[in-house]
Amino acid sequence: MIKLMEGIPINSNKIAYLQQVKQQNMAAILKQIWKYEQVSRVELVDHTSLTSGTITNLTHELIELRVIREYASVSGNVGRKRVLLGFDPDYYRILGLDIGRSTFEITVTDLCGRILKTVGREIADQQGPDVYFREIEPVLAEIKEQIEQAGHQILGLGVGVPGPIDYGKGALLNPPNFPGWGGFELQQTLNERFQLLTLIEDDARTSALAERWYGIGRNVEDLVFITMGIGIGGGVISKGEIVRGTNGLCGQVGHMTIVMEGKVCDCGNRGCWEPIGSIPGILSRWSEGSTMDAFKAAVDRGEPEALKCLEDTLIYLETALINVFNLYDPELVVLGGRLFPYLAPSISSVQSRLQSRLYAFAKDRLRLEPSTFGASQSAVGATALLFRYLLNEPVKLLIER
Ligand SMILES: [Zn+2]
């Protein structure tokens with residue numbers, strides 16, 4: 001925690017320094033409120049090492065800004081009323097947009113992380129930005145107008161898209177099976193059309209953020225989210241923050257080598273997990289042109305070829321998970337995506353097989369869980385991009401903007 005220092009001359013440097021102190025202190029308070037959900041001012045003093053004067057002033061300002069509010073609570077043994085502070089769900093709204101290869105979804109959340117609205121649409125495969133914008137624009141404009149007419153303030157728009165991403169330009173970098181999107185400056189386009197602060201992120205990472213901020217990973221510092229569907233992706237959270245790597249490729253679990261001389265993959269490698277373990281991968285091994293529902297029905301009927309294909313799929317998943325646990329040493333691995341419901345009945349057997357393949361002293365810590373938000377995972381996580389910004393840089397987001 002930064003404490004005020006004596007003897008700094010009064011000039012613009014000092015003003016900037018004081019703003020920085022305020023930013024860090026306010027962020028520390030908001031993070032504690034998020035961590036405990038409701039907390040008293042006295043507890044805030046204990047948890048942050050800030051003085052009670054600073055806590056009083058900054059919480060007063062945050063209440064005026066309508067970010068937090070007071071909640072009354074009766075303390076147990078003496079029946080005395082305590083005032084607790086928690087996020088205010090009534091004023092700010094956050095918009096989340098997930099753009100998939102054949103769908104889009106828009107989600108609205110409040111500052112308590114509650115999902116207030118979800119609207120989704122299917123889009124024909126292989127369409128470029130023009131087709132998507134024709135569909136997205138009227139829906140997003142209507143939601144924005146409804147929120148503003150009801151007197152709420154929109155904090156911003158978070159967007160999850162298929163990666164990889166050029167973060168400097170806010171553009172997509174030639175994502176596989178998504179023609180027309182390579183180089184498209186999505187962040188700036190949305191920002192200009194809707195006049196909203198817009199942040200974009202890889203959809204596997206927004207999915208990981210959904211768990212970290214609102215879901216099962218809320219108090220977990222190290223977690224990996226694996227999404228399995230048309231493609232296979234991953235989002236890595238370390239020490240509570242998303243990890244992108246040098247080229248934005250950290251967590252590309254779908255491109256780990258599973259079969260050394262296997263199929264050639266779009267990424268240039270051979271034998272990646274994605275081309276054999278994703279939905280198209282399973283169907284190409286079982287019955288090209290079929291569907292996952294037909295595959296599931298064949299498994300349920302006990303057809304030997306379908307059972308063999310399922311078993312191979314589970315071995316690929318198990319192999320990938322062994323590598324994920326050994327590389328990242330997460331406290332928790334969360335599995336989601338459109339493929340996951342088809343594999344869910346077999347996950348406990350994968351988990352028990354993993355037990356025998358991982359470091360014995362750590363195997364009891366092996367946690368494998370299903371995702372919290374199902375099909376809305378990435379859109380919910382997109383709103384977390386703005387919530388995370390609020391908790392890290394509240395002065396910049398609320399006061400300086
Ligand atoms: Zn690959």
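A residue counts as buried when its relative accessible area is under 20%. The legends below describe a predicted model.

**View 1. Leucine 85 in strand β2.** Leucine 85 belongs to strand β2, which covers residues 81–87. Its relative accessible area is 0%, so leucine 85 is buried. Setting aside neighbours within four places in sequence, the contacts of leucine 85 include Ile33, Glu37, Val39, Leu44, Ile63, Ile68 and Tyr71. Leucine 44 lies 41 residues away along the chain, and its C-alpha atom is 9.5 Å from that of leucine 85.

**View 2. Glutamate 37 in the loop between α1 and α2.** The loop that holds glutamate 37 connects α1 (12–36) with α2 (41–48). Although glutamate 37 is not a glycine, its phi is positive, at about 70°. Most residues other than glycine have a negative phi. Glutamate 37 is also one of the contacts of leucine 85 shown in View 1.

**View 3. Arginine 66 in the loop between α3 and β1.** Arginine 66 sits between α3 (52–64) and β1 (68–74). Its phi is positive too, near 65°, in a residue other than glycine. The relative accessibility of arginine 66 is 38%, so this residue counts as partly exposed.

**View 4. The cis peptide bond before proline 164.** Between glycine 163 and proline 164 the peptide bond is cis, with omega near -5°. Most peptide bonds are trans. Proline 164 is placed in the loop that links β6 (153–161) to β7 (165–166).

**View 5. A five-stranded open sheet.** The strand order in this sheet is β12-β11-β10-β13-β14, with mixed pairing. The edges are formed by β12 (241–242) and β14 (368–370); each has a single partner strand, so one side of each lacks a neighbour in the sheet.

**View 6. The pairing of β10 with β13.** Strands β10 (residues 223–228) and β13 (residues 332–336) run parallel and are joined by five bridges. One residue pair can be picked out here: phenylalanine 225 has valine 334 in β13 as its bridge partner.

**View 7. The whole chain, for orientation.** The protein contains 14 helices and 14 strands. Its C-alpha trace spans about 75 × 55 × 45 Å along the principal axes. The radius of gyration is 23 Å, which agrees with the value near 21 Å for a compact globule of 401 residues. Of these residues, 50% count as buried. Among contacts with a separation of 6 or more, 61% are between residues 24 or more positions apart.

Technical notes
Residues are numbered from 1 along each chain as its sequence is written. This is a predicted model: local features need pLDDT of at least 70, side-chain atom pairs count only at pLDDT 80 or more; totals for chains, interfaces and linings use all residues. Side-chain values use heavy atoms; hydrogens and water are left out. Helices (H or I, at least four residues) and strands (E, at least two) are DSSP runs, numbered from the N terminus. The radius of gyration is taken over C-alpha atoms; the globule rule is 2.2 Å times the number of residues to the power 0.38. Buried means under 20% relative accessible area, exposed over 50%, partly exposed in between (1.4 Å probe, protein chains only). Contact means heavy atoms within 4.5 Å. Two strands pair if DSSP finds at least two bridges between them.
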